[in-house]
Amino acid sequence: MGHAVVILAAGLGTRMKSKLPKMLHPLLGKPMVAYAVETALESGAERVVVVLGHGAEEVRQALKGYPLEYVVQERQLGTAHALLQARPLLEDYPGPIVLRQGDTPLARAETIINLVKALETSDLVLLTVKMADPTGMGRIIRDADGEIIANVEEKDANLAQRAIKEVNAGVYAFRKEVWAALEQIDNRNAAGEYYLPDLIRIYRAMGKHVRGLESNDPGELLGVNTRSQLAQVEAILLTRLRQQWMDRGVRMIQPETIYLEPSVELAPDVTLWPGVILRGATKIGEGCEIGAYSVLTDMELEPGVTLRPNVVAEKSLIKSGADAGPFARFRPGVVLEEGVHVGNFVEMKATRMRRGAKAGHVAYLGDADIGEDSNIGAGTITANYDGKQKHRTIVGRGVFIGSNTTLIAPIKIADGAYVAGGSTLNQDVPEDALAIARERQRNIEGYVKRKRGQAQ
């Protein structure tokens, strides 16, 4: 029999000091609550119910595409009250139900699986963690047989109880009798809320077994209520991710400086220099080298690509043996074919550079197709925008474009043509022709002396 998971995601998160709903704050490019959802699905859950509250519609939109069910907690009256909102959907569900918090993104799928297994010999199972400093947390009290008999809040604990290091992680597993048990929880407390730890007392009073499953990973308890805690959790996720890729053969120089997201794919023998940022659906092939402080978003690099420092690139393809940088910029739609060389301060957009083409330095190539083995001189600009629409520049094979050239699109430079430096072209150039489009040079002798004489 499968299991269901309920995710509590209704909190306001006032301590985040943000207009963005707490559950949508990003961790490595994904909304925080997405980690809880993906963990639940990874555990094999048949049904996943998300309890929404503040920013309900925004959270629903952010989770679009996941197979989820939703309920809304209109008033936030505590964790037990939040769970009750799922009763109409799960009251008749025959299998185990696991409850977890949406703001504890480090809890693992295997923890959910282990909780479900533990429920086979108990009626209520909760995840516990031993903490070096449990200050502020509710302590777990066990009997001589190891069964949990109470969850004592710190303000109510005596000295012996405060010395206990084991605390409640807020993750529970139970069966459908939980719905009746929830009806017995009251709100006679300082906050006037209905709390899930009261289930321990109620189950014990019913003569049922309450078991604790101790996690060996204190990070599973880490919740996010502040920006500082968000950064702390993100650092742990990053450490895990870096270690995963290094274990698979990726070389990271000063790994603590490298940022990457779970959606990134890396092959063995990729080298990442300090400060590299890899985002989105970036995929880097075997043997690629990414220079320091490069930022790649939704990029695909085939094996053997070299990027020198400070390359900024997005939504483009670089094929095997090409190199770029330092300080190159690729906007969406760029394709660099095999053996292409792009130097410093070259910007491209929606441009294909075919095999062996070169753009050594200081150029803008937009909406262009540069032929095989062509050379783009320094200072070359494709004037692709006329104020209303974009136009294409086509450069053939083996073309030489001199420095400081402006190509006014639409324009085609045919195979083998040369363009003299300093030219501004607005007409097509035939095959093997030399195009010169500049004022003829004149030397006016004696001009400077006469000018100086006038000044005196």
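**Exercise 1. Which residue is the bridge partner of Lys 358 in strand 31?**

Before solving, note that this is a predicted model, in which local features need pLDDT of at least 70, side-chain atom pairs count only at pLDDT 80 or more, and totals for chains, interfaces and linings use all residues. Residues are numbered from 1 along each chain as its sequence is written, and side-chain values use heavy atoms, with hydrogens and water left out.

Solution. Begin by placing the residue: Lys 358 lies in strand 29, where strands (E, at least two residues) and helices (H or I, at least four) are DSSP runs numbered from the N terminus. Next, look for the pairing: strand 29 and strand 31 (residues 375–376) pair in the parallel sense over 2 bridges, pairing being assigned if DSSP finds at least two bridges between two strands. Within strand 31, the partner of Lys 358 is Asn 375.

**Exercise 2. Describe the surroundings of Lys 358.**

Solution. First take its exposure: Lys 358 counts as partly exposed because its relative accessibility is 39%, a class that lies between buried (under 20% relative accessible area) and exposed (over 50%), with a 1.4 Å probe and protein chains only. Then list its contacts, meaning heavy atoms within 4.5 Å: not counting residues up to four places away in sequence, Lys 358 touches His 341, Met 353, Ser 374, Asn 375 and Ile 376. Finally, compare sequence with space: Lys 358 and Ala 378 are 20 residues apart in sequence, and their C-alpha atoms are 11 Å apart.

**Exercise 3. Which strand pairs with strand 27 (residues 341–349), and over how many bridges?**

Solution. Strand 27 pairs with strand 29 (residues 358–366) in the parallel sense, over 7 bridges. As a residue-level check, Glu 347 stands opposite Tyr 364 in strand 29.

**Exercise 4. Work out the order of the open sheet of 9 strands, and identify its edges.**

Solution. The strands follow the order 14-17-20-23-26-28-30-33-36, with parallel pairing. Strand 14 (265–266) and strand 36 (411–413) each have a single partner strand, so one side of each is left without a neighbour in the sheet, and these two stand at the edges. For a pair within this order, take strand 26 (residues 335–336) and strand 28 (residues 352–353), which run parallel and are joined by 2 bridges; here Val 335 has Arg 352 in strand 28 as its bridge partner.

**Exercise 5. Which residues of helix 8 (residues 198–205) are buried, and what covers them?**

Solution. The buried residues include Leu 199, Ile 200, Ile 202 and Tyr 203. Their cover includes strand 7 (124–130), strand 9 (148–152), strand 10 (166–174), helix 7 (178–182) and strand 11 (210–215). Just after helix 8, Gly 207 takes a positive phi of about 80°.

**Exercise 6. Is Thr 39 buried or exposed?**

Solution. Thr 39 is found in helix 1 (residues 32–42), and it is buried, with a relative accessible area of 9%. Leaving aside neighbours within four places in sequence, Thr 39 is in contact with Arg 100, Ala 107, Arg 108, Ala 109 and Ile 112.

**Exercise 7. What are the overall dimensions of the chain?**

Solution. The C-alpha trace spans about 110 × 60 × 40 Å along its principal axes. Of the 456 residues in the chain, 48% are buried.
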